[in-house]
Amino acid sequence: MILKNIGIILTPTFRAMAYLQRLIKNNMHPNFAIIMERKNTDHLSCINKENTLHFFDKFKDSKVILNKYNIPYKEINTEDCNDNRVIEVIKHRAEKYFIYTGGGILKESILSLGKKIIHVHPGIVPQYRGSTCIYYSIINEDKCGATAFFMTKKIDKGEVIAKRFFKKPRILNIDYEYDCHIRSALLVEIIKQYIKKGKFESAPQNRDKGETYHIIHPVLKHLAILSCVYKKHKISRN
């Protein structure tokens with residue numbers, strides 16, 4: 001099914017790969033894609049193929065998928081969503097909605113185009129705004145969460161489309177696999193609702209409540225990961 005009013009901005013990230021592949025798997029084809037190219041492929045070296053659940057193919061070229069399903073796209077040699085070339089393409093496209101997959105903090109130049117930019121954040125807002133929220137959620141609540149919302153100038157404070165909790169993973173590869181998995185799962189859920197209702201239903205969040213987190217300290221991150229892959233054992237007092 002072609003999502004006639006929805007485009008996607010494909011950044012050179014595993015998140016973008018997960019989004020596109022999951023949409024296609026569910027017969028949801030974006031009407032148009034912008035491919036933001038990376039100058040090198042050093043990011044692939046960060047993947048440890050061991051202790052992984054393979055939620056998506058992290059090494060498949062997005063252009064192969066787009067060509068296979070006849071999805072039109074425009075390639076732009078940048079990693080910044082605020083690049084004037086990206087803005088010009090979005091400005092002249094008919095699609096009302098664009099799915100964001102990364103590419104920096106969006107500026108007024110792109111947010112003022114009259115388009116709705118959909119972001120899936122790896123945390124439940126307003127409780128978890130900011131960076132690396134998936135780890136803070138694991139530490140605080142022993143579970144993960146994701147929220148889909150429309151992006152605004154206020155970071156992670158846009159109108160909420162949907163939220164969902166997930167069990168914490170049982171793998172080491174959280175950044176490049178599980179994070180992408182839960183975000184893509186919620187993305188498909190909101191697209192299904194869009195197809196069913198013909199629109200995205202959203203509601204404002206309380207901007208005065210919640211927490212904004214910064215990049216987690218490596219020690220805390222390590223502890224969160226360990227809590228995912230090692231089961232707790234009761235200590236006998238005998």
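**Entry 1: E189 and R164**

I looked up the contact between E189 and R164 in this predicted model. Their side chains form a salt bridge, with an N to O distance of 2.5 Å. I then checked where the two partners sit. E189 belongs to helix α6 (residues 174-197), while R164 lies in strand β8 (residues 160-167). The two residues are 25 apart, and the pair links distant parts of the chain.

I also examined how accessible each partner is. E189 has a relative accessible area of 33% and is partly exposed. R164, at 31%, is partly exposed as well. Both values fall in the interval between the 20% and 50% cut-offs.

**Entry 2: D83 and R85**

Next I turned to D83 and R85, whose side chains meet in a salt bridge at 2.9 Å, N to O. Which of these residues is buried, and which is partly exposed? D83 has a relative accessible area of 17%. Buried means under 20%, so D83 counts as buried. For R85 I noted 43% relative accessibility, which makes this residue partly exposed.

**Entry 3: K197 and E201**

I recorded a further salt bridge between the side chains of K197 and E201, with 3.1 Å from N to O. K197 is partly exposed at a relative accessible area of 43%. E201 is likewise partly exposed, at 42%.

**Entry 4: Salt bridges in the whole model**

How many salt bridges does the model hold? I noted a count of eleven. Beyond the pairs above, I found E37, K63 and E75 linked in a network of salt bridges. As general background, I note that oppositely charged side chains can pair when their charged atoms come close.

**Entry 5: Strand β1 and its partners**

I then followed strand β1 (residues 2-10). This strand runs parallel to strand β2 (residues 29-36), and six bridges join the two. I looked up the connection between these strands: β1, helix α1 (residues 14-25) and β2 make up a β-α-β unit, and the unit is right-handed.

β1 also pairs with strand β4 (residues 97-99), again in the parallel sense, over three bridges.

Which residues stand opposite G7 in β2 and in β4? In β2, I found F32 opposite G7. In β4, the residue opposite G7 is F98. I therefore entered G7 as a point of reference for both pairings, with F32 given by the β2 pairing and F98 by the β4 pairing.

Terms used. Residues numbered from 1 in each chain as written. Predicted model: local features only at pLDDT ≥ 70, side-chain atom pairs only at ≥ 80, totals over all residues. Heavy atoms only, no water. Salt bridge = Lys/Arg side-chain N within 4 Å of Asp/Glu carboxyl O. Buried < 20%, exposed > 50% of the residue type's maximum accessible area, 1.4 Å probe, protein only. Helix = DSSP H or I, 4+ residues; strand = E, 2+ residues; numbered from the N terminus. Right-handed = clockwise from strand over helix to strand, strands pointing away.
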